[in-house]
Amino acid sequence: MTESVVRRDPDEAIAAARHLIVRGDEVAKSAPGARDPALVRDRARGLFDQARDLLDDVRDLLDDARGDPEGTNADVGPVVGELAVQVARRMLDLDGADLAETARPTAGMRRAATTVADPDRRPPGQHLTAGFPVLHVGSTPAPRADWTVTVTGRVHDRIRIPIEQLRDDPVTTTSDFHCVTGWSRLDNAWTGVPVASLLARARPRDEATHAIVSGHPAYSANLPLADLGADGVMLAWAVDGRDLDVAHGGPLRLVVPHLYGWKSVKWVTEIRLTERDVPGYWEERGYHMRGDPWQEERFRDD
Ligand SMILES: Nc1nc2c(c(=O)[nH]1)N[C@H]1C(S)=C(S)[C@@H](COP(=O)(O)O)O[C@H]1N2
Ligand SMILES: [Mo]
């Protein structure tokens, strides 16, 4: 149904997406007084999801039409981007409301958290979690031990490295992790290899300014090359002395502690250097292109 609407008319699809957002807002507004607020929020999520699907379809259509001089949809792109930001904001609000309910600390925990938490290590709008939440879109891949990662794109030497080879040179670095949905986990001891050393081997070309990092099943995140090569940025296979569970990105994930968690691509397969900043999965859906938690760079245009 969605597709036929889009094929007929992108404007119609955009109108339908707007309508779904309004309906989602109405549902979400009724959650606090409801018997099962989480269930109501799920219904709102469903409506926002449908809006997101419609916007994705329009975006695909625009991509297909790119370069077509007869294309009449040039003015639609910014509207789709703006609506995607609106949907992303609402999804985060819903996640935040769920977290506030399920993770409400007991009085004792709250006291412990405030004494342990050095306020200098908690970015604005974040709360600390003692556990290790699992967060990703799509399904968890089947567990496997073998893995290969590629460094390619604007480099002098493309490299493909099997994980056994990476394991020859382990480094352990402790850092904090901040997810844009509001939780932060402090003092994670990641074991892996610094991405800077892989970049040095691949030798970025002069024109390389950014990278897009891809992972299973169909995920990606973009970041400036300077952030990718920064201290503490690693391809990791273990945390706190144990090999990564598949849920946390095992056997291999990227860790970018100084940016929001969505940049830390799990099940990482490719690091592609680019000469411009190409949005990844969440960035296309309204998240910030850089995502510095200390600047609260949660959304684009913030
Ligand atoms: N492949 C992949 N990597 C991903 C994601 C994803 O959806 N797919 N989600 C990101 C987000 S939003 C966060 S906060 C972290 C969460 O890592 P964790 O599940 O180990 O806590 O993974 C990031 N890496
Ligand atoms: Mo996240």
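Are F177 and W183 buried or exposed, and what can be said of the surroundings of each? In this predicted model, F177 is buried, and W183 is buried as well. The legends below take up aromatic rings, a ligand and some backbone features in turn.**View 1. F177 and W183 form a stacked aromatic pair.**
The centres of the two rings, F177 and W183, are 5.7 Å apart, and their planes meet at an angle of 25°. This value falls under the limit of 30 degrees, so the pair counts as stacked. In the model as a whole, the count of aromatic pairs comes to nine.

**View 2. W262 and Y287 form an edge-to-face aromatic pair.**
Here the ring centres of W262 and Y287 lie 4.7 Å from each other, with 70° between the planes. W262 belongs to the loop between strand 10 (253-255) and strand 11 (268-274), while Y287 belongs to the segment after helix 9 (281-284), so the pair ties together parts that are 25 residues apart in sequence. W262 has a relative accessible area of 6% and is therefore buried, and Y287, with a relative accessibility of 6%, counts as buried too. Both residues belong to a cluster that ring pairs link together, made up of Y219, Y260, W262, Y281, W282, Y287 and F299.

**View 3. Arginine side chains sit over the rings of F299 and F132.**
The charged end of R89 is placed over the ring of F299, at 4.6 Å from the centre of that ring; F299 is also one of the residues in the cluster of ring pairs. In the other example, R185 lies over the face of F132, and the distance to the ring centre is 4.2 Å.

**View 4. Ligand 1 is surrounded by 19 residues.**
The closest of these residues are P133, V137, H248, R253 and K266. Sorted by class, the shell around ligand 1 holds twelve nonpolar, five polar and two charged residues. Several contacts involve the protein backbone: a polar backbone atom of L135 is 2.8 Å from an oxygen atom of ligand 1, and a backbone N or O atom of H216 is 2.8 Å from a nitrogen atom of the ligand. For S264, a backbone N or O atom lies 2.9 Å from a nitrogen atom of ligand 1. On its own, ligand 1 has 530 Å² of accessible area, of which the protein covers 98%.

**View 5. Two peptide bonds that lead into prolines are cis.**
Most peptide bonds are trans. The bond from H216 to P217, however, is cis, with omega near -10°, and P217 lies in the loop between strand 6 (210-215) and strand 7 (219-224). H216 also has a backbone N or O atom in contact with ligand 1, at 2.8 Å from a nitrogen atom. A cis peptide bond also joins G250 and P251, where omega is about 15°; P251 is placed in the loop between strand 9 (242-243) and strand 10.

**View 6. D187 and D240 have a positive phi.**
Most residues other than glycine have a negative phi. D187, which is not a glycine, nevertheless has a positive phi of about 60°, and this residue is found in strand 5 (residues 183-194). With a relative accessibility of 44%, D187 counts as partly exposed. D240, which is not a glycine either, has a positive phi of about 50° and lies in the loop between strand 8 (234-239) and strand 9. The relative accessibility of D240 is 38%, so D240 counts as partly exposed.

Definitions and conventions:
Residues are numbered from 1 along each chain as its sequence is written. Chains are lettered from A and ligands numbered from 1 in the order in which they are written. This is a predicted model: local features need pLDDT of at least 70, side-chain atom pairs count only at pLDDT 80 or more; totals for chains, interfaces and linings use all residues. Side-chain values use heavy atoms; hydrogens and water are left out. A residue is near a molecule or strand if one of its heavy atoms lies within 4 Å of it. A polar contact is a pair of N or O atoms within 3.5 Å; within protein, one must be able to donate a hydrogen and the other to accept it, and residues adjacent in sequence count only if both atoms are side-chain atoms. Accessible areas come from the Shrake-Rupley method with a 1.4 Å probe; for residues, only the protein chains shown count as cover. Ala, Val, Leu, Ile, Met, Phe, Trp, Tyr, Cys and Pro count as nonpolar, Asp, Glu, Lys and Arg as charged, and the others, Gly among them, as polar. Rings of Phe, Tyr and Trp (its six-membered ring) pair if their centres lie within 6.5 Å; planes under 30 degrees apart count as stacked, over 60 as edge-to-face and the rest as tilted. Buried means under 20% relative accessible area, exposed over 50%, partly exposed in between (1.4 Å probe, protein chains only). Helices (H or I, at least four residues) and strands (E, at least two) are DSSP runs, numbered from the N terminus. A charge sits over a ring if NZ of Lys or CZ of Arg is within 6 Å of the ring centre and within 35 degrees of the ring normal.
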